[in-house]
Amino acid sequence: MTVSVQPQPRSGAGAPSVTARSAALHIEKLTKSFGELEVLRSIDLDVHAGEFLTLLGPSGSGKTTLLRIIAGFESATSGSLMLGDVDLGSLPPSERKLGMVFQNYALFPHLTVEQNIAYGLKLRKCRGPKLQARVNEMLEIVGLEKHSRRKPSQLSGGQQQRVALARALAYEPEILLMDEPLGALDRSLRLQMEEEIKRVHRQIGTTVVYVTHDQEEALVLSDRVAIMNEGQFAGLDTPMSLFHRPPNGFVARFFSDSNVLEAQAGDGIVHAYGQSFPHDSPIDGDVELAIRPRSFVIGNHPESGPGLRFTGELEEQHLLGEHVQLHISVPEIGRLVARRNIGDDGRLDVGDSLKLFVPASAVHVMSV
Amino acid sequence: MSRTIHGRRNRTIDRASKILGRVLVTCAVIFLLAPALFIALLSFSNDRRVSFPPQSWGLDRYIAVFTSGKWGAPTLMSLEIGAWVAFGSLLVALPLVFALKRSVMPGRGLLEATAIAPLVIPISAYAVGLYAVFAQLDLLGEKFGIILAHTVHALPMVVIVLSTSLDQIRPDLELSAMTMGANRLKAWTSITLRLLVPAIAAAMLFGFISSFDEAVFITFLGGVGLVTLPKYIFDSVQYGVDPAITAMATILMITTAGIMLLGSALRKDIK
Amino acid sequence: MTHVDSHPQRLKVGRSGPWSAALPMLPAVFMVAPLVIVALLFIVYPLVKLGIDSFTGGSGGFSNYSAVFQSAAIRNSLVSTLLMSAVVTVLCLLLGGSLAWSLSKPGNKILKTLLWTAVLLPFWMGVVVKTYAWAVLLANNGLINSFFMRIGLIDEPMTLLYTPMAVVLGMTYTMLPYAVLAMYPTMAGFDKELLNSASVLGSSNTGAMYRVWLPLVRPGLVAGGAIVFAISIGFYITPVLLGGAQTPFMATVIGDDIFAYFNYPRAAASSVILLVIALTVLIATLKTVGVKALKGGLEK
């Protein structure tokens with residue numbers, strides 16, 4: 001059971017030689033309008049070779065449209081789309097050297113698992129033992145050796161998604177596109193498939209563009225995440241950076257569920273709600289502060305050191321797995337969301353008056 | 001108190017309407033079943049004339065159908081025309097539904113309405129129109145003319161069967177094939193058409209039956225020389241009473257039912 | 001990099017334009033061409049020619065139409081055609097509605113199969129075969145007369161065949177499946193909980209049906225009725241075999257005009273009248289219930 005871990009073309013694949021793994025997707029000034037409606041507004045994006053890039057956004061943000069334009073199912077209104085030095089704009093999907101995994105799998109119901117996987121290879125004139133070897137290799141990678149002769153309707157949702165993955169990767173596409181591939185699965189299966197996709201990506205090393213609306217999925221899987229809002233990128237960075245240093249209020253709210261507060265900054269001092277603390281942020285003028293729910297210190301004991309202090313009333317609390325989410329109403333701000341561990345001492349009741357403290361180091365300053 | 005009275009009156013009304021509904025349904029079922037069962041029953045009578053109740057039973061009428069030699073030619077004629085119509089209507093309808101469902105060309109609704117229109121045009125008036133056109137084109141009394149007329153007549157059914165079936169095949173499958181390297185034609189032939197095969201078979205069966213049972217166009221356009229099975233029965237019933245018709249009618253009934261059931265089963269097979 | 005230029009429109013000027021998932025115009029036009037040719041030659045042209053001939057044939061102008069309306073026989077048959085078709089429509093709605101409603105309700109499986117078989121049975125018989133079956137059923141020595149004579153209700157056989165009633169029965173038999181299938185989707189789509197909630201509010205079931213159900217299924221009923229009527233006025237085989245010469249029907253008159261009197265222009269005028277009536281009914285229906293209900297009525 002030796003599986004090549006090197007992201008290089010296999011001699012047995014019979015796919016057109018894809019030696020240039022540096023080939024990357026380059027999108028420039030891409031726009032798309034449906035009549036009056038602007039769905040994509042001047043998108044610039046470089047996807048590096050071997051990278052796992054996630055397009056994350058709420059529904060209607062344009063992420064699926066962007067993916068469909070890359071796949072060639074729709075044409076852009078303007079802008080350019082290059083794969084290496086090939087202009088994809090005028091090429092049909094069949095000549096774009098892409099693989100795609102659909103949310104509803106789109107497996108061919110009249111073909112067996114094997115035949116589904118062989119479909120793209122056969123179109124590339126891969127025949128005989130070479131074909132069989134490659135199909136077997138893909139079956140092994142997704143762990144479906146035993147089901148090779150089944151029809152898609154005889155498989156579970158997770159198995160179908162594995163076939164879709166194997167089918168799209170079999171002919172070694174330059175880029176693998178995935179359109180909410182886990183959307184139809186239940187939570188435990190989703191977690192399992194996330195691991196699976198991660199492993200396969202490590203193993204094969206294909207460039208992946210992945211669309212989802214689930215920020216957890218994006219966090220777990222991606223090398224970089226492009227957060228989309230109203231047809232534009234609100235943020236494009238590694239998941240860690242976006243999580244800890246969101247570039248704007250939208251990303252802070254959408255990606256890390258942060259509280260976003262208004263403030264002013266100048267000369268290394270941040271002023272908010274009559275309080276101030278020193279901060280090394282280089283931004284001056286009106287700013288926004290992002291505070292993650294976990295950053296609040298809750299309790300009546302006084303905290304020393306620079307930071308922000310609020311007093312509020314507990315409006316609601318509910319259990320979120322390992323922690324408890326608190327909705328606290330603070331007169332000068334409105335509602336703040338905080339979290340604390342389930343085992344933290346001190347029982348809280350709705351209506352309790354709470355003292356909150358955020359150390360300056362946990363406050364992220366963003367320009368408006 | 002008043003509520004109880006009210007309730008009692010409601011119950012009486014409900015019971016009456018329920019009974020009325022049952023009576024209507026029962027009448028309808030008897031009405032629908034009686035003629036077919038009656039003909040089938042009479043076909044096993046050996047009486048000289050068609051009368052009820054039969055005095056003697058047997059298979060004389062079936063034997064007559066197969067031995068008299070009168071039924072062979074019209075049956076062959078009907079089969080031949082029906083087969084051509086099945087192919088002809090498919091040839092028109094299949095590319096049409098693909099263009100209707102897979103392109104964004106303007107006027108798709110109008111085209112679909114046109115294809116379905118022959119279903120609601122009063123058939124005798126339409127036959128007169130075709131009569132005039134066929135007279136111009138020298139198609140009266142020509143087999144080709146009948147095939148044309150029957151093809152137009154079968155078109156609505158064939159288009160409806162194909163388009164409702166194509167609706168059930170998600171375009172994602174084609175797109176998926178295309179990303180894997182298939183051009184549009186290859187994606188259609190290897191995926192969509194392959195999945196549509198049962199529906200195509202069903203559409204052809206329905207097209208065939210539509211022609212096989214048709215009797216109006218042949219009367220108006222067939223001249224004297226062309227005699228299809230329905231035309232032959234029509235003439236026999238009009239100008240005389242051949243008791244063998246009961247047997248032929250029963251045979252036709254069973255054949256048509258079989259073909260229609262097969263067609264419906266094939267139509268459902270698509271998933 | 002070569003593409004870093006100020007050509008945001010470059011996709012539009014690519015060598016063959018941007019690829020689109022939708023089938024391009026040109027092949028689409030080729031694919032609909034067979035239908036367009038067939039429809040122009042054998043649907044549009046015959047109907048247009050019919051209209052033209054009805055005005056230019058014979059003495060031209062409105063002479064053919066006045067000939068139609070001056071002939072008492074044709075006038076009578078036009079009236080009786082419309083009347084009989086109306087009766088057929090009402091019967092189809094009444095019986096078909098009850099059947100469609102029973103079929104849409106959950107119930108005994110065997111009973112349901114029987115109902116479906118009964119409904120589809122006329123579809124499984126060619127028009128000549130089913131008309132013949134009715135002719136035998138209604139004949140002087142047919143089932144009905146024999147039955148009534150046996151139980152002593154009548155001494156002489158009643159004249160059932162070659163009457164308007166025979167034509168109406170035969171036509172209803174043919175159209176009933178259409179009516180059921182046209183109305184079934186509306187009935188099946190009707191939320192039966194609405195009836196329950198209505199009767200909870202103190203309405204009788206019958207009252208609930210009348211007030212809640214009827215308005216909701218009305219589009220289906222109207223569309224079904226219109227289709228039945230439009231098809232009915234064109235019937236040929238059934239009136240000839242079951243109505244005979246005694247029962248006037250437009251199709252019979254038209255056939256006679258062509259084949260017995262060789263008066264094609266008058267036949268054309270009569271045909272145009274039928275077409276205009278059918279078209280008027282269908283367009284009026286389209287206006288009242290919309291294209292969706294009408295289309296639903298046709299797609300079985």
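A salt bridge is a side-chain nitrogen of Lys or Arg within 4 Å of a carboxyl oxygen of Asp or Glu. By that rule, the count between domain 1 of chain B and domain 2 of chain B is 0. The model is predicted. This briefing covers the two domains of chain B, the contact of chain A with chain B, and a surface patch on chain B.

**Domains of chain B**
- The domain assignment splits chain B into domain 1 (2-61) and domain 2 (70-268).
- Contact between the two domains involves 8 residues of domain 1 and 7 residues of domain 2.
- Their centres, taken over C-alpha atoms, lie 33 Å apart.
- Together the two domains bury about 640 Å². Carbon and sulfur atoms account for 79% of that area.

**Interface of chain A and chain B**
- Interface size is often expressed as the accessible area lost when the parts come together.
- For chain A and chain B, the buried area is about 1,700 Å². Carbon and sulfur atoms give 67% of it.
- Each side is represented in the contact: 19 residues come from chain A and 19 residues from chain B.
- The salt-bridge rule finds 0 across this interface.

**Nonpolar patch on chain B**
- Five side chains make up a nonpolar surface patch: Leu41(B), Phe44(B), Trp57(B), Leu59(B) and Ile63(B).
- The accessible area of the patch is about 500 Å² together.
- Ile63(B), one of the patch residues, sits in helix H2 (residues 60-67) of chain B.
- Ile63(B) counts as partly exposed because its relative accessibility is 48%, and the partly exposed class runs between 20% and 50%.

Methods:
Residues numbered from 1 in each chain as written. Chains lettered and ligands numbered in written order. Predicted model: local features only at pLDDT ≥ 70, side-chain atom pairs only at ≥ 80, totals over all residues. Heavy atoms only, no water. Patch = residues over 30% accessible without salt bridge, like charges linked within 9 Å, V, L, I, M, F, W, Y side chains within 5 Å. Areas by Shrake-Rupley, 256 points an atom, 1.4 Å probe, with all protein chains shown as cover. Helix = DSSP H or I, 4+ residues; strand = E, 2+ residues; numbered from the N terminus. Buried < 20%, exposed > 50% of the residue type's maximum accessible area, 1.4 Å probe, protein only. Domains from an automatic or database assignment. Contact = heavy atoms within 4.5 Å. Buried area = accessible area lost by both parts, 1.4 Å probe.
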